[in-house]
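Colleague: I'd like to learn how to read a model like this one, feature by feature. Could you walk me through it?

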Amino acid sequence: MAVDWSLWWSIWLFRVLVWGVTALALVVALVTAWVMWRARHRYAESSNSPGIMLYLRDESVLEIARANGFSEAVDKEVQDIVGSASEGRMSLDAVRFGAAGGHTRSRERTEVYIKSADPVELIGVVLRSLTTGNGMVRVDLTTGTITRSDALAQALGPDHPHRVRLQDVDTYVLLKGRFRLVGTEDGRTTLVAPYGSAGAHVRLDCRTESLRREDIPPDAFKAQALGRVQSWNAERGELLVRPIALFQ
């Protein structure tokens, strides 16, 4: 029995079109929902207040801001209009004819110079820039976990193993942990924080003059440290991280 394709299409064409449009709309809705969730997730990570500032290495903050395209925010051109006044005298002939007197002349000049922004104002910009630009890896020292992200994948490269070691992370890290003051000498204030289950710890050698507060808690306290991994000492189980900022 022959099939009348013209009759078949006349019956099913509209339904096929409706199903196709419905499927396309569903795909668009799912993609839109995923993009919005991803954006909210990233915004939530980047907009959280880091807390009270305990330490800030000013020059490092300025360097990161410049390297990430925020030179205009770092170095601002400032113009100041400076005024000066001088008193003028009339000539001797004018005085001789009884027209003695004086007048004041005012002059203005414009001084242009470059003013660097306050690093305290820039640290928020730096954190957001590193987050959105996949330039910072988040680490929870208390649980010994590293957040998997695009930043981690870029730092380790395409052939990185499934098990990630903190000493192998070659990018900026934001460390969340319980830090403890262990000493101050030679212009350095040293803090440590345990991580992992084998007794390892992170060490921060902070420049004492860059401390923003003098009342660092004597006991262990929760804090977040922005820095960069420098070296790993297997004998001491110590990971040295160069600190840039510390927030409580």
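Colleague: Let's start with Leu239: is Leu239 buried or exposed?

Modeller: This is a predicted model, so keep that in mind throughout. To call a residue buried, you want its relative accessible area to be under 20%. Leu239 has 0%, so Leu239 is buried.

Colleague: Where does Leu239 sit, and which residues is Leu239 in contact with, leaving aside neighbours within four places in sequence?

Modeller: Leu239 belongs to strand 10, which covers residues 238-247. Beyond those neighbours, Leu239 is in contact with Leu166, Gln167, Tyr195, His201, Val202, Arg203, Val229, Ser231 and Trp232. You can also look at C-alpha distances: Ala200 is 39 residues from Leu239 along the chain, yet 7.7 Å separates their C-alpha atoms.

Colleague: What about Ala245, buried or exposed?

Modeller: Ala245 also lies in strand 10. Its relative accessible area is 0%, so Ala245 is buried. Outside the four-place window, Ala245 has contacts with Tyr55, Leu56, Ile123, Gln224, Ala225 and Leu226. For a C-alpha pair, take Ala245 and Val120: they are 125 residues apart along the chain and 10.0 Å apart in space.

Colleague: And a loop residue such as Arg57: where is the loop, and is Arg57 buried or exposed?

Modeller: Arg57 is in the loop that links strand 1 (53-56) to helix 2 (58-67). Don't assume anything from the word loop; check the area. At 16%, Arg57 falls under the 20% cut-off, so Arg57 counts as buried. Its contacts beyond four places in sequence are Arg207, Arg242, Pro243 and Ile244.

Colleague: Which residue gives me an exposed case?

Modeller: Try Asp186. With a relative accessible area of 73%, Asp186 is over the 50% cut-off and therefore exposed. Asp186 is in the loop between strand 6 (172-185) and strand 7 (188-194). Check its backbone too: Asp186 isn't a glycine, but its phi is positive, about 55°. Asn134, likewise not a glycine, has a positive phi of about 55°. You'll find Asn134 in the loop between helix 5 (119-132) and strand 4.

Colleague: Now pockets. What is the volume of the largest pocket, and which residues are closest to its centre?

Modeller: The general idea is that rolling a probe the size of a water molecule over the atoms shows where empty space is left. Here the largest pocket has a volume of about 510 Å³. It is lined by 21 residues, and Gly144, Arg163, Val164, Arg165 and Tyr195 are the closest to its centre. By type, the lining splits into 9 nonpolar, 8 polar and 4 charged residues. Strand 4 (136-140) and strand 5 (145-146) each contribute at least two of the lining residues.

Colleague: What about the whole chain: how many helices and strands does the protein chain have?

Modeller: There are 6 helices and 10 strands. Of the 248 residues, 30% are buried. Among contacts between residues at least 6 apart in sequence, 63% join residues at least 24 apart. The chain exposes about 16,600 Å², with carbon and sulfur atoms supplying 55% of that area.

Colleague: Last one: where does pLDDT stay under 50?

Modeller: Where pLDDT is low, the predicted coordinates should not be read in detail. In this chain the mean pLDDT is 76, and 65% of the residues reach 70 or more. Residues 39-47 stay under 50, and the model gives them 7 contacts beyond four places in sequence. Residues 90-97 also stay under 50, with 6 such contacts.

Notes. Residues numbered from 1 in each chain as written. Predicted model: local features only at pLDDT ≥ 70, side-chain atom pairs only at ≥ 80, totals over all residues. Heavy atoms only, no water. Buried < 20%, exposed > 50% of the residue type's maximum accessible area, 1.4 Å probe, protein only. Contact = heavy atoms within 4.5 Å. pLDDT = per-residue confidence, 0-100. Areas by Shrake-Rupley, 256 points an atom, 1.4 Å probe, with all protein chains shown as cover. 1 Å grid on protein atoms, 1.4 Å probe; cavity = no way out; pocket = protein on both sides within 12 Å on 5 of 7 lines; lining within 4 Å. Points joined across faces, edges and corners; volume = space filled by probe spheres on them. Nonpolar A, V, L, I, M, F, W, Y, C, P; charged D, E, K, R; others polar.
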